[in-house]
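Let us walk through a protein model step by step. Keep the structure in view as you read.

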Amino acid sequence: MRRAILLSLLIASQLLRAELPPFVEKLAPNVWAGGWGAKEEAVNVVWYVSGGRTYLIGDQATAVDTAAISALTGKPVDSSRTGQPGVEVIAPGVYFLKTARILFAGDLITNGPRSAIQPDIFVWLAQLDKLSALQPLKVVPGKGSWTGPGAIGRQRRFVREIFRQVAFGIAMERPLASIQSELLIPASHLVWMPYDTPSPEDVTAVYRQLTAPVAPIWRTPTPGKKQALVLIGDRFHDPEHFLDTLRPVIESTGVETQFIVDYRALTRENLARVDLLIILRDGMVWPAGPQGAQRIWMTPAQEQAVEDFVVKDGKAFLNLHNSMGIYPEGGKYLRLVGGRYIGHGPLERYHVEVSDPTHPIAQGVTNWFAADEQHTPPADIPVKVFLTNRSPDGKVKANAGWTHEPGKGRVCHFAPGHTRESLLHPMFQRTLRNAVEWCLRRR
Ligand SMILES: [Zn+2]
């Protein structure tokens, strides 16, 4: 009898010592979130009951007092960390409770403290898209307050904004210190501002992954898939535009992309890993900012590497919009493209017209118009023009698309593509898709 009293006293004292996280909320039948305050960076865990047992998810699960949890749920805690029932593992540390539609987002979403900058921004954005497609009812971030599914879109806007500002600075060749001091994230992209305002270290982390030698971050290619290196962005062409406009079209052909904003990543070594080079940027950088001096970035070694990539290695180059503008005059690069930039008209609506309906890139393409810059590059060598443009008054007509096959490879120039309106036009997108396929000899 005395033993039994002692034993129950012991159990009671253990229960009294058992502590839950300071913040606990039942989010759905059989599902709870628990979190700590700021001193531990406001981390969270989730626990749920399934089949008579309690399961814990989240990096901090090992820090939780399991006795307290089982006292709350009335079911013993199962400490197995894999194969938990009713849970889909979306990414390392990211879990979706399918029945309750509750997402534990780990490091992919932070809702309050500073975001943990993920090692590959492009993968981070793709993962956020995947989380959005799950259509969760509630989101428990790894850190910060749990909330509704709107957290996914806000995190996405934050990631794109930090990408946009850092990538634009890199495309201009601005020094890291300038990018750090000029970064300004809109308040609506933040939660506990200013405590989640990115630090200089966060900017450095993004800068490193977007500049050589880290960039491009080579993701393991899917066997059998063609690879494209895509160099985007300059002072007048914000890199962010091309994530929404070029990327889905190129990838819809089954090609895997490595986007870069740092021209220094255009090297012979990087070209050797891909089948297709795409450039949408001019030849200038502005290291001292828009008021400072500009300079041409392309080196003779880069010109030679691009020429060899096409002519000797039999690969392809898709030259978009302004990618003949302000490149080394009379150099191998412009000779390879086959023409010259001589300026462009004002931003206005103009006509884009199929001049050779038999050309493989013109298949399914009909005349269109869009607001864009009317580029008017003359060709310096015999090329096959498949597209022309015409000003609204009809006075200016010029080449808008051509191909030729230097050496063993293929080259296509396609001139529209300044505005978002133009880039998103269905005929622009059709032409771009056809051009990628022609470059890869599928047409
Ligand atoms: Zn432009």
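In which sense do strand 10 and strand 11 pair, and over how many bridges? Strand 10, residues 227-232, pairs with strand 11 in the parallel sense, over five bridges. Find one of the partnerships yourself: Q227 has E256 in strand 11 as its bridge partner. In general, strands of a sheet pair through backbone hydrogen bonds, either parallel or antiparallel.

Now step back to the sheet. This is a predicted model. The two strands belong to an open sheet of nine strands. Its order is 11-10-12-15-20-19-18-16-17, and the pairing is mixed. Strand 11 (256-260) and strand 17 (368-375) are the edge strands, each pairing on one side only. On average, neighbouring strands here are turned by 25 degrees against each other, direction ignored.

A helix packs on this sheet. Helix 7, residues 239-252, touches strand 10, strand 11 and strand 12 (276-280). The direction of helix 7 makes about 160 degrees with that of strand 10.

Next, go to helix 12, residues 426-439. Why should helix 12 span 20 Å? The helix has 14 residues, counted at 1.5 Å a residue, so 20 Å is the expected span. The end C-alpha atoms are 20 Å apart, which agrees. Buried residues of helix 12 include F428, L432 and W438. After helix 12 comes R441, with a positive phi near 65 degrees.

Finally, take in the whole chain. The protein chain has twelve helices and 20 strands. Its C-alpha trace spans about 105 × 45 × 40 Å along its principal axes. Of its 443 residues, 41% are buried.

Notes:
Residues are numbered from 1 along each chain as its sequence is written. This is a predicted model: local features need pLDDT of at least 70, side-chain atom pairs count only at pLDDT 80 or more; totals for chains, interfaces and linings use all residues. Helices (H or I, at least four residues) and strands (E, at least two) are DSSP runs, numbered from the N terminus. The expected span of a helix is 1.5 Å times one less than its number of residues. A residue is buried if 20 or more other C-beta atoms lie within 10 Å of its own, exposed if 12 or fewer, and partly exposed in between; C-beta atoms are placed from the backbone. Two strands pair if DSSP finds at least two bridges between them. Axes are lines fitted to C-alpha atoms, for helices over the stretch in contact, and angles run from 0 to 180 degrees between N-to-C directions. Two residues are in contact if their C-beta atoms, placed from the backbone, lie within 7 Å.
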